[in-house]
Amino acid sequence: MRRARRAANKLGGQVSPYQARIWSRVLTACVALTAVASTTTAALADEDGTSFWIPGFFGSLAAAPQQPGWSLTSFLYNTNVSASGNAAVAREITIGRFNPKINISVDAHVHADATIGFVAPSYTFATPFLGGQATAALLVGYGNNDTSLNASATASTDLLPFSITRSVALSQDTTGFTDLIPMFSDRWNAGVNNYMVYITGDIPVGLYSTSNLANIGLGHGAIDGGVGYTYFDPKTGHEFSAVLGFTGNFENFATKYTSGIDSHLDWGASQFLTKQLQVGLVGYFYEQLTGDSGCAPVLCPFKSRVIGVGPQIGYIFPVAGMQGYVNLKGYGEFDNDNRPDGWNVWLTFVLSPAPPSSTSTPPPIITKTPRS
């Protein structure tokens, strides 16, 4: 009220209590509108609800032996997801822009359709490393991200008998290169049992801007590592693989935002109907272990979760003295929290050295490295 009287006095003269109340409502409405505008016109980066690790990256035969020499993995990845609640609000607000004296409720919905092609050359060393088979790879990608956001923000205070609402509809279609992802793995074979350790990370050189609603790059560095296991019996054709990993994220210096520690479990189970044809299921569990820091107070601690499962089919064939492998798998997502969910599809092609004997050597492995 005193603020309203001061504002009126600047325009000249004293005001009555009734006039002061009117001025108070006008000033409050202006502040509310400013707060709403600040939350609905700012587009956040792909931090909240978006991880470095793309769940489902590993699948069947993840830890099985590879043939020494150069290999080339290429895959086309498409994801079509939507979110509401905090996962969508996080895309809309700018950190620290909420006015704590004003109650703001935001109803937001975000939808993303991204298609990215990746190429990952790799080299498997013939000389054992720590008794295992070492492989070094580098992943680079190029693709498109089409994201839209529809939101309605409502502001109110105890002084106003009414609320103020503003709606926005934002969309952006972005095309560019992804970050660079180096990866190193080591594998050990003991009959039908195969073991793997890996380490990878994100070099943030891809297309990224804090003003973008849709980004291709991550905007910050990350490091990820884990262990894997594959059971494969060439006689029966039975196969099961699981890879457990953890991601540590570095600060995004442009937004002063740091994502929490993530855990992810990718798995695949399949049956080789012939020596060339493989069918089965794939799935993943993604769970954020610690909350993000640097996010808006109304959202922190911000932790996300999602589960995915779906079918797969693979086929092995000779290619000019080498071995080709094509795999198609898809995931439907559910049980998500603070993360968009929907479906994603992977079409993978691997060109690798042919095994010495196609009748006794396991099928090739899909050497993949994470993150768009």
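Modeller: Two strands count as paired if DSSP finds at least two bridges between them. The model discussed here is predicted.

Biologist: How many bridges pair S5 and S6?

Modeller: S5 covers residues 181–190 and S6 covers 193–202. They form a hairpin with two residues between them. One bridge in this pair sets Ser-185 against Tyr-198 in S6. The pairing is antiparallel, and its bridges number eight.

Biologist: Which residue in the turn between S5 and S6 has a positive phi?

Modeller: Most residues other than glycine have a negative phi. The turn residue in question has a positive phi of about 70 degrees, and it is Gly-191.

Biologist: Which residue in S7 stands opposite Met-196?

Modeller: S6 is also joined to strand S7, residues 222–233, in the antiparallel sense. That pairing has 10 bridges. Opposite Met-196, in S7, stands Gly-228.

Biologist: How many bridges join S11 to S12?

Modeller: S11 spans residues 305–319 and runs antiparallel to S10, residues 277–288, with 11 bridges between the two. In that pair, Leu-277 has Tyr-315 in S11 as its bridge partner. S11 is antiparallel to S12 (residues 322–337) as well, and there Gly-308 is matched with Glu-333. The number of bridges joining S11 to S12 is 12.

Biologist: Which residue in the hairpin of S11 and S12 takes a positive phi?

Modeller: This hairpin has two residues between its strands. The phi in question is near 50 degrees, and the residue is Ala-320.

Biologist: Is Leu-61 buried or exposed?

Modeller: Leu-61 is in the loop between helix H2 (17–40) and S1. Its phi is positive, about 65 degrees, although it is not a glycine. The cut-off for buried is under 20% relative accessible area. Because its relative accessible area is 0%, Leu-61 is buried.

Biologist: Is Leu-130 buried or exposed?

Modeller: Leu-130 is in the loop between S2 and strand S3 (133–156). It is not a glycine, yet its phi is positive at about 55 degrees. Its relative accessibility is 67%, so Leu-130 counts as exposed.

Biologist: Which residue's side chain is joined to that of Ser-270 by a polar contact of 2.6 Å?

Modeller: Ser-270 lies in strand S9, residues 262–272. It is buried, with a relative accessible area of 7%. Its side chain has a polar contact of 3.0 Å with the side chain of Gln-278. The polar contact of 2.6 Å is with the side chain of Glu-239.

Biologist: How many residues are in the largest nonpolar core?

Modeller: Strands S1, S2, S5, S6 and S10 each supply at least two residues of this core. Those with the most contacts inside it are Phe-57, Phe-58, Phe-75, Leu-139, Tyr-198 and Trp-346. The number of residues in the core is 26.

Biologist: What percentage of the residues in the protein chain is buried?

Modeller: The chain has three helices and 13 strands. It exposes about 16,200 Å², of which carbon and sulfur atoms supply 63%. Of its 372 residues, the buried share is 49%.

Biologist: Among contacts between residues at least 6 apart in sequence, what percentage joins residues at least 24 apart?

Modeller: A contact requires heavy atoms within 4.5 Å. Ser-270, for one, touches residues including Ser-60, Gly-237 and Gln-312. For the protein chain, the percentage is 70%.

Methods: Residues numbered from 1 in each chain as written. Predicted model: local features only at pLDDT ≥ 70, side-chain atom pairs only at ≥ 80, totals over all residues. Heavy atoms only, no water. Helix = DSSP H or I, 4+ residues; strand = E, 2+ residues; numbered from the N terminus. Buried < 20%, exposed > 50% of the residue type's maximum accessible area, 1.4 Å probe, protein only. Areas by Shrake-Rupley, 256 points an atom, 1.4 Å probe, with all protein chains shown as cover. Polar contact = N/O pair within 3.5 Å; in protein donor to acceptor, adjacent residues only side chain to side chain. Core = buried A, V, L, I, M, F, W, Y, C linked by side-chain atoms within 4.5 Å. Lists of a residue's contacts leave out its neighbours within four places in sequence.
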